[in-house]
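Trainee: Could you choose one spot in this protein and take me through it closely? I'd like to know what surrounds it and how it fits into the rest of the fold.

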Amino acid sequence: AMIDVTGKTEAEARIALRELKDQYDLTIEALEEDQKYDDMDAGKVISTTPAEGEPLKEGDTVYLVLSKGPEPVTVPVLLTTAVFALELLHVTFPDTF
């Protein structure tokens, strides 16, 4: 049966799957084109197909879906808003800010 490799890097997942790979002659592929945003760090496995506990057959392919990391935050807009709010409170900044 498939083991849990979520939270591991691709390299760590491949090492963890080595025994199953040899036993079932598996192919392991990372799905970079299907990367999704997740709370997990970029490059970590967020899901697999087959999923943990599902049976494996001779010659199966295991797909690793890797995280792109958290959704990017638009910092310039937030920073500009914060600076504007502080300026309204008469807080001044050096010209180099």
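**A close look at D60 and its surroundings**

Mentor: Happy to! Among contacts in the protein chain between residues at least 6 apart in sequence, 66% link residues that are at least 24 apart. Please keep in mind as we go that this is a predicted model.

A little orientation helps before we zoom in. The protein chain has 3 helices and 3 strands, and along the sequence they follow the pattern α-α-β-β-β-α. Of its 97 residues, 24% count as buried. The chain exposes about 6,800 Å², and carbon and sulfur atoms supply 54% of that area.

The spot I would choose is D60. You will find D60 in the loop that runs between β2 (residues 45-49) and β3 (residues 61-69). Is this aspartate buried or exposed? Its relative accessible area is 16%, and the cut-off for buried is under 20%, so D60 counts as buried.

Now look at the partner of D60 within the chain, K57. A polar atom of the D60 side chain lies 2.8 Å from the backbone nitrogen of K57. The side chains of K57 and D60 also form a salt bridge, with their closest N and O atoms 3.7 Å apart. So K57 meets D60 through its backbone nitrogen and through a salt bridge. The two partners sit in contrasting settings: K57 counts as exposed, at 57% relative accessibility, while D60 is buried.

Setting aside residues up to four places away in sequence, D60 touches Y24, D25, L26, T27 and P55. Two of these names link to elements elsewhere in the chain: α2 covers residues 18-24 and β1 covers residues 27-37, and Y24 and T27 are both among the contacts of D60.

For comparison, a search of the whole structure finds 2 salt bridges. Besides the K57 and D60 pair, R14 forms one with E10, and the closest N and O atoms there are 3.1 Å apart. That pair lies in helix α1 (residues 10-16), where R14 and E10 are 4 residues apart and therefore separated by about one helical turn. R14 counts as partly exposed at 32% relative accessibility, and so does E10 at 23%.

Step from the loop into β3 and you reach V62, which shares some neighbours with D60. Leaving aside residues within four places in sequence, V62 is in contact with M2, L17, L26, T27, I28, E29, T49, P50 and L56. L26 and T27 are in the list for D60 as well.

V62 also takes us to the largest nonpolar core. This core has 14 residues, of which V5, L17, L56, V62 and L64 touch the most other members. α2, β1 and β3 each supply at least two of its residues, and β3 gives the most, with 3. In soluble globular proteins, nonpolar side chains tend to be buried together.

Let me finish on the strand before the loop, with I46 in β2. I46 is buried too, with a relative accessible area of 19%. Its C-alpha atom is 5.2 Å from that of T6, although the two residues are 40 apart along the chain. Beyond residues up to four places away in sequence, I46 touches T6, K36, D38, M40, V65, L66 and S67.

Methods:
Residues numbered from 1 in each chain as written. Predicted model: local features only at pLDDT ≥ 70, side-chain atom pairs only at ≥ 80, totals over all residues. Heavy atoms only, no water. Buried < 20%, exposed > 50% of the residue type's maximum accessible area, 1.4 Å probe, protein only. Contact = heavy atoms within 4.5 Å. Areas by Shrake-Rupley, 256 points an atom, 1.4 Å probe, with all protein chains shown as cover. Polar contact = N/O pair within 3.5 Å; in protein donor to acceptor, adjacent residues only side chain to side chain. Salt bridge = Lys/Arg side-chain N within 4 Å of Asp/Glu carboxyl O. Core = buried A, V, L, I, M, F, W, Y, C linked by side-chain atoms within 4.5 Å.
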